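Trainee: I'd like a close look at one part of this model, beginning with its aromatic rings. Please take me through it slowly, and follow the chain onward from there.

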Amino acid sequence: MRVIDAHTHTWSREIISKRDLDSRRIAAKKLGVEPVLDSTVDSLRDAMNVSGVERAVVLPIDSAFHQEMPLSLTEKTDWHSNEVAEDPNIVSFVGLDPRRGKAGLKELERAVKEKGCRGWKMYPPNGFYPDDKEFDPYYDLCVDLNIPIIIHQGFTPRHKHVKYARPAYVDRVAADFPELNIVLAHVGYPWQDESLMIASKNPNVSVDVSGWQVFASSVPLKVHQMVADAKLMRVFPNRMLFGSDFPLFEYTMSLKKWRDFFTGLQLPAELIDQGYKQVREDEIEKVMWKNATRIIFGETP
Ligand SMILES: [Zn+2]
């Protein structure tokens with residue numbers, strides 16, 4: 001089965017903040033693993049080759065309003081877009097905080113038109129609600145540029161503020177900009193029901209399953225329940241995207257294992273007995289690559 005990973009990250013220790021370096025070290029110590037201080041496109045490409053992942057989407061984050069960053073925004077956009085420029089199978093989004101106002105709008109347009117960025121990665125836990133009216137010019141521009149937005153939702157690292165990451169704060173944007181494609185990352189865990197409700201009522205909203213390998217490796221029933229509920233709400237199969245958050249969860253489940261888990265996903269008898277409908281292979285195929293082909297790459301699968 002073909003696979004697109006709609007949610008990955010790359011960085012080197014030169015481009016992330018001191019604070020992020022520190023929190024990576026602290027988190028790794030807690031888990032008893034080595035901190036990943038560099039994870040460039042080469043390690044992503046290696047993991048893709050090993051896992052049979054055909055295409056991947058890199059999502060940079062603009063944290064300049066929250067911490068001191070070593071690169072300016074344009075330098076960061078260029079670092080990421082240059083990194084993927086030679087590889088037709090890996091694309092980058094632009095990471096942008098909409099509180100940048102007019103300068104941010106200019107950068108969004110430059111990133112898409114000149115640097116080949118395929119969409120906008122938004123990270124509300126840096127301190128803003130996506131439905132602030134002030135940001136509407138950004139949404140208009142995304143419609144004009146015909147690009148999707150992937151919005152971080154739910155569980156957030158310690159120094160960021162999780163209250164901004166509730167799916168309910170995306171609803172007004174989705175409803176007022178029906179032509180704008182929005183992806184709620186991580187199915188908004190632990191607010192997956194809220195994410196599915198927002199996606200269910202707004203046909204322009206999808207979810208990505210990145211990060212859920214934490215559960216696949218320990219309590220797989222949690223993944224099964226989420227997929228079963230998504231199917232009940234008609235978000236699965238047409239508006240769910242496979243993703244990994246690579247390399248952040250490699251310690252719990254490799255990209256290859258996560259890909260294998262999802263391509264072979266079947267709901268267990270205990271859910272079918274409750275009345276949930278079994279998932280089919282042609283539906284899983286939409287999640288693994290067809291939906292991303294349409295929503296992110298703008299191609300007909
Ligand atoms: Zn992520």
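Mentor: The structure holds 14 aromatic pairs. Here the rings of Phe, Tyr and Trp (its six-membered ring) pair if their centres lie within 6.5 Å; planes under 30 degrees apart count as stacked, over 60 as edge-to-face and the rest as tilted. Bear in mind that this is a predicted model, in which local features need pLDDT of at least 70, side-chain atom pairs count only at pLDDT 80 or more, and totals for chains, interfaces and linings use all residues. Residues are numbered from 1 along each chain as its sequence is written, and side-chain values use heavy atoms, with hydrogens and water left out.

One cluster deserves your attention: ring pairs join Trp120, Tyr138, Tyr139 and Phe177. Tyr138 and Tyr139 are among the buried residues of helix 5 (residues 136-145), together with Asp136, Leu141, Cys142 and Leu145. Buried means under 20% relative accessible area, exposed over 50%, and partly exposed in between, using a 1.4 Å probe and protein chains only. Helices (H or I, at least four residues) and strands (E, at least two) are DSSP runs, numbered from the N terminus. An α-helix has 3.6 residues a turn, so residues three or four places apart point the same way. The buried residues of helix 5 pack against helix 4 (101-113), strand 5 (120-122), strand 6 (149-151) and helix 6 (171-176); contact means heavy atoms within 4.5 Å. Right after helix 5 comes Asn146, with a positive phi near 60°.

Rings also meet charges here. Arg24 sits over the face of Trp11, 3.8 Å from the ring centre, and Arg55 over that of Phe297, at 3.9 Å. To count, NZ of Lys or CZ of Arg must be within 6 Å of the ring centre and within 35 degrees of the ring normal.

Now to the strands. In strand 8 (residues 205-208), Val205 and Val207 point one way and Ser206 and Asp208 the other, and all are buried. Strand 8 pairs in the parallel sense with strand 7 (residues 182-184) over three bridges, where two strands pair if DSSP finds at least two bridges between them. Ser206 has Val183 opposite. Between these strands the chain passes through helix 7 (residues 192-201), making a right-handed β-α-β crossover; right-handed means that, with the strands pointing away from the viewer, the path from the first strand over the helix to the second runs clockwise. Strand 9 (residues 240-241) is also parallel to strand 8, over two bridges, and its Met240 is the bridge partner of Val207.

Strand 9 leads us to the zinc ion. The protein donors are His7 (NE2), His9 (NE2) and Asp245 (OD), lying 2.1 Å from the ion. Their spacing along the chain is H-x1-H-x235-D. This links distant parts of the chain, with His9 in the loop between strand 1 (4-8) and helix 1 (18-31), and Asp245 in the loop between strand 9 and helix 10 (255-263), 236 residues apart. Donors are N, O and S atoms within 2.8 Å of the metal (3.2 Å for Na, K and Ca); water is not among the atoms, so sites may look incomplete. His9 counts as buried because its relative accessible area is 8%, and Asp245 is buried too, at 6%.
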